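Subject: Structure handover

Hello,

Here is the structure for your files. My notes on it follow below.

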Amino acid sequence: MQSNEFRKRGKELVDYIADYMDTLHRRRVTPEVEPGYLAELLPKEAPKKPEEFNDIMKDVDRAIMPGITHWQHPNFHAYFPAGNSYPSILGDMLSNAIGCIGFSWAASPACTELETIVMDWMGKMIGLPREFLHEGGDGGGVIQGSASECVLVSLLVARHLAIRQLKSRLPYTEDGILVSKLVAYSSKLAHSCVEKAGMIGFVKMRQLDVDENFALRGHVLERAIEEDRRLGLIPFFVSGTLGTTACCSFDNLAELGEVCANENIWFHVDAAYAGNALICPEFQHLLKGIEKVNSINFNTNKWLQVNFDCSLFWVKDKDALTMAMTVDPLYLQHKHSDRAIDFRHWGIPLSRRFRALKLWFVIRTYGVDGLQHRIREHCRLAKLFETLVSGDNRFEVLGKVTMGLVCFRLKGSNSLTQKLLKIINESGKLHMVPALINEHYVIRFAICAESASQEDIRFAWKTISIIATDMLARKLSRFDSNIPLDNSSTESFADEEDDEVFPEFDNNIIFDNQRCNLQRARLRRNLFLKMVSDPKSYNPRVLKSLNFELGPRHRSKSLGGTDAMSLSPDFYFGTSI
């Protein structure tokens, strides 16, 4: 394709994208396809000869679009927002055209320098102390691919510092022995990426109980640290959360930071979703205690109209980050001047895209005022939905509605709530996902669309209410009952025998990962909470496709035939050094 055809096709594709966005509301939110559908629509081999662009676009409509879940749809209320906007699309288009690989300042100076500038812009917008900014001297920010990367990098930096400190006292002790004694902490509501970071880092991870507001508190962390020190373990890392995945609760940063400072422990804060709201002054009180935090991240691709991927990560001590992540010791001796930041030593990948460009486009196009307006509007719409739910005696809201997320359920019944969500999702009119909070199965209603309106919220509630009424009527038809349907409690006719949402699993059937995680949560964490974020958990088409004959699961002989998932946390604790 030469420039003349690119101009033509580019304009056509821009029109296609604009038409898609303008007519999105007419589409079904979720696709009606079964696993493997695409293989039947596309050739088994790649084309040997060039194909016409028109034919490619025909296949987009014929094969690709029927299998798309429309995350920008006004009736998409699952997970969290997947940020997107025309300025972001244009910024990415230009970034792709430039095509630089910004692994160092010399590789593309503007790529590196714009990133430092927008990171300082964003740091000031959310109220970070000067110590976290490039212009502050010791700290700085970098764009990572995801919050999972940010958490992993922060844990690796903390591990590096802990090992270095231990080696100064125990110079002849093998690193592997020292690593085996390290233990990290988070709340039971922390995202699964925190646990995954511990697995990758070969360190123990303890997940701690939260209070009645679903927040991790300082005294709980302090008690856990004391227990582990008595066991000969070495606490080195804490991951706190601002805006948990399940219910958008907030850990107490001030208390946790005080404990971490006293214990010389690295304190990271994952604010993937809620961190975006900190650009509004009325939410910045949530940062109380930030002066004791070592690193923090949030995803602009969740709530600031920037498309994936664009996760912002700040540290107070950029030298510690560089030392932990570099594989070139000579770099530390002969690095560039302080103004020439080298981001290849600030993360996992060497190659880095020019992601700062789309963030720069979005900030300049909307302005801080425009971005604040979108956050506040989503929060207002969430409060509207909370009011609608609270006005129906059949439902209850769990947790405090602070931002753009509402967790609700049918009173008195996990199974009815699960069935309601299943019917709603199968209808294609709305899309939501569940979570478990204190053994309560709840439906998460997230405000996601950039242009979400009051009409969208009222439509969603009307749809939920009508489906609930129909479902409960069909359930009541099995009984001799005169219980009224409208605004009546569901507790009086919830079947106790079918209220178990997640029954014991048949070992001959392997479910998706999230279902296995839920079983593990039941055995080791008393089913406090695990996000059920995979559509396979409630999509009958997918479950049907997975329901094939499999051999029995084999258990590790090294564990004496014991299922590793059922082991108590004590199994993982070693002896003292």
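The protein has 17 helices and eleven strands; helices (H or I, at least four residues) and strands (E, at least two) are DSSP runs, numbered from the N terminus. This is a predicted model in which local features need pLDDT of at least 70 and side-chain atom pairs count only at pLDDT 80 or more, while totals for chains, interfaces and linings use all residues. Residues are numbered from 1 along each chain as its sequence is written, and side-chain values use heavy atoms, with hydrogens and water left out.

Of the 577 residues, 51% are buried (under 20% relative accessible area, 1.4 Å probe, protein chains only). Among contacts (heavy atoms within 4.5 Å) with a separation of 6 or more, 72% are between residues 24 or more positions apart.

An open sheet of seven strands runs in the order β1-β7-β6-β5-β4-β2-β3, with mixed pairing; two strands pair if DSSP finds at least two bridges between them. Its edge strands, β1 (140–144) and β3 (204–208), each pair on one side only.

Strand β4 (residues 234–241) has eight of its eight residues buried, so it is largely enclosed by the rest of the structure. On one side β4 pairs with β2 (residues 182–187) in the parallel sense over five bridges, where Ser186 has Ser239 of β4 as its bridge partner. β4 also pairs in the parallel sense with β5 (residues 266–270), again over five bridges, and Phe237 is matched there with Trp266 of β5. The chain gets from β4 to β5 through helix α9 (residues 253–263), and this β-α-β crossover is right-handed (with the strands pointing away from the viewer, the path from the first strand over the helix to the second runs clockwise).

Strands β6 (residues 295–299) and β7 (residues 311–315) run antiparallel and are joined by five bridges; Asn297 has Phe313 of β7 as its bridge partner.

The largest nonpolar core (buried Ala, Val, Leu, Ile, Met, Phe, Trp, Tyr and Cys residues joined through side-chain atoms within 4.5 Å) has 80 residues, of which Met122, Trp314 and Met403 touch the most other members. Helix α13 (residues 356–390) gives the most to this core, with eight residues. Beyond its neighbours within four places in sequence, Trp314 is in contact with residues including Met119, Met122, Phe132, Ile296 and Phe298. A second, separate core of 33 residues includes Leu152, Leu166, Ile234 and Phe236.

In helix α7 (residues 192–200), the buried residues are Cys193, Val194, Glu195, Ala197 and Gly198. Just after α7, Phe202 takes a positive phi of about 60 degrees.

Regards

Terms used. Buried < 20%, exposed > 50% of the residue type's maximum accessible area, 1.4 Å probe, protein only.
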